[in-house]
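Here are a few exercises on how strands and helices fit together. Try each one with the structure open, then check yourself against the worked solution.

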Amino acid sequence: MTFCLGITVEDGLVGIADTRITAGNEMTTAQKLSTYETQSGALFFMTSGLRSVRDKVVTYFEEALETCQPLDKLYKAVNILADIIRRVAKEDKEYLDQSGLTFNIHMLMGGQFEADATHKLYLIYPQGNWVEVSAGTPYHIIGETGYGKPVLDRTLKHADSIHFALKVGCLAFDSTRISAAGVDFPLDVVVYSKGSFTLIEHRFEQKELAHISTWWQERLRESVHALPSEWIEAIAAELSPVTRKLHCKTGE
């Protein structure tokens, strides 16, 4: 499985991607995050789905960047990727279907070019259509989506800082890693500050973030213990007679 998370806040963008490809008897890893800086801007994208489709799309996209006119807006790069996805679908989908495989690739692309008023984040579907991730819900996950959503939905706002977004994003990854066997370290992170046209990348190994995972787990348990409990007194009162009867029957 895959965990790729894109976050857009007022000050910029955060991208987080795991690297697990297969799990079980044989575990392999590969990068799912790609970054590009040009004279006119910077962009990154992350992918989930079939690895063979991803690699072909990326190869075609890099060739297109070398041969096309310089881009001035990010959506134009999104359109290039969309066209390439449709091209790869025409080339490979029929053969994948014959093998019982589904043509599958989802992509998150973020960045900014010189004519963009601000940074942008887009979700691209396997059909080549796309949507912009907006301030209303300032994040999107591709791959294993369920486990990381609660912490993001409860905490993340578009007005938050990049540092806060990165913290919450790593907690969403940790929640997913704990519950989904197909998601794991190493973890690739990219950060983009609005108007900088520069990407900052870093790869984290598990040992580097182990203390964060432990800290978060301990605070969750402490919060549960500190949760107001007067609302369960009625249940506790009803349980007490039952408990006493059980003790009498067992001779305790």
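**Exercise 1.** Find how many bridges join strand β1 to β10, and work out the sheet they belong to.

*Solution.* Keep in mind that this is a predicted model.
- Start with β1, residues 3–9: five bridges join it to β10, and the two strands run antiparallel.
- For one concrete pair, look at G6, which sits opposite H140 in β10.
- Now widen the view: the open sheet has five strands in the order β10-β1-β2-β11-β12, with antiparallel pairing.
- Check the ends. β10 (139–143) and β12 (199–204) each have a single partner strand, so one side of each has no neighbour in the sheet.
- Going from one strand to the next, the twist averages 10 degrees.

**Exercise 2.** Say which strands helix α4 touches and which strands helix α5 touches, then describe how these two helices pack on each other.

*Solution.*
- Helix α4 (residues 162–179) packs on the sheet and touches β1, β2 (12–18) and β11 (187–193). Its direction makes about 160 degrees with that of β1.
- Helix α5 (residues 206–226) packs on the sheet too, touching β11 and β12. Its direction makes about 85 degrees with that of β12.
- What do you need to describe the packing? Two packed helices are described by the angle between their axes and the distance between the axes.
- For α4 and α5, the angle is about 90 degrees and the axes are 11 Å apart.
- Angles of 65 to 115 degrees count as roughly perpendicular, so α4 and α5 are roughly perpendicular to each other.
- To see who meets whom, pick out L171, D174, S175 and R177 in α4, which meet Q206, I212, S213 and W216 in α5.

**Exercise 3.** Give the strand order of the open sheet that contains β7, and name its edge strands.

*Solution.*
- The order is β5-β6-β7-β8-β9, five strands in an open sheet with antiparallel pairing.
- At the edges you'll find β5 (33–38) and β9 (130–132), each pairing on one side only.
- Neighbouring strands here are turned by 20 degrees against each other on average, ignoring direction.
- Inside the sheet, β6 (residues 41–49) and β7 (residues 105–113) pair over nine bridges in the antiparallel sense. One of the residues to find is F44, whose bridge partner in β7 is G110.
- Two helices to add: α1 (residues 51–67) touches β5, β6 and β7, while α2 (residues 74–98) touches β6, β7, β8 (120–124) and β9.

**Exercise 4.** Check the length of α1, then find what covers its buried residues.

*Solution.*
- Do the length first. With 17 residues at 1.5 Å a residue, α1 should span 24 Å; the end C-alpha atoms are 25 Å apart, which agrees.
- Next, pick out buried residues: V53, R54, V57, V58, Y60, F61 and A64.
- Look at the spacing of those numbers. An α-helix has 3.6 residues a turn, so residues three or four places apart point the same way.
- The cover over the buried residues of α1 includes β5, β6, α2 and β7.

**Exercise 5.** Classify the packing of α1 against α2.

*Solution.*
- The angle is about 140 degrees, with the axes 9 Å apart.
- That makes α1 oblique to α2.
- The crossing of the pair is right-handed.
- Residues making the contact include V53, V57 and F61 of α1, and I80, I84 and V88 of α2.

Definitions and conventions. Residues are numbered from 1 along each chain as its sequence is written. This is a predicted model: local features need pLDDT of at least 70, side-chain atom pairs count only at pLDDT 80 or more; totals for chains, interfaces and linings use all residues. Side-chain values use heavy atoms; hydrogens and water are left out. Two strands pair if DSSP finds at least two bridges between them. Helices (H or I, at least four residues) and strands (E, at least two) are DSSP runs, numbered from the N terminus. Axes are lines fitted to C-alpha atoms, for helices over the stretch in contact, and angles run from 0 to 180 degrees between N-to-C directions. Contact means heavy atoms within 4.5 Å. The expected span of a helix is 1.5 Å times one less than its number of residues. Buried means under 20% relative accessible area, exposed over 50%, partly exposed in between (1.4 Å probe, protein chains only). Angles under 35 degrees count as roughly parallel, over 145 as roughly antiparallel, 65 to 115 as roughly perpendicular and the rest as oblique. A crossing is left-handed if the near helix is turned anticlockwise from the far one by less than a right angle, and right-handed if clockwise.
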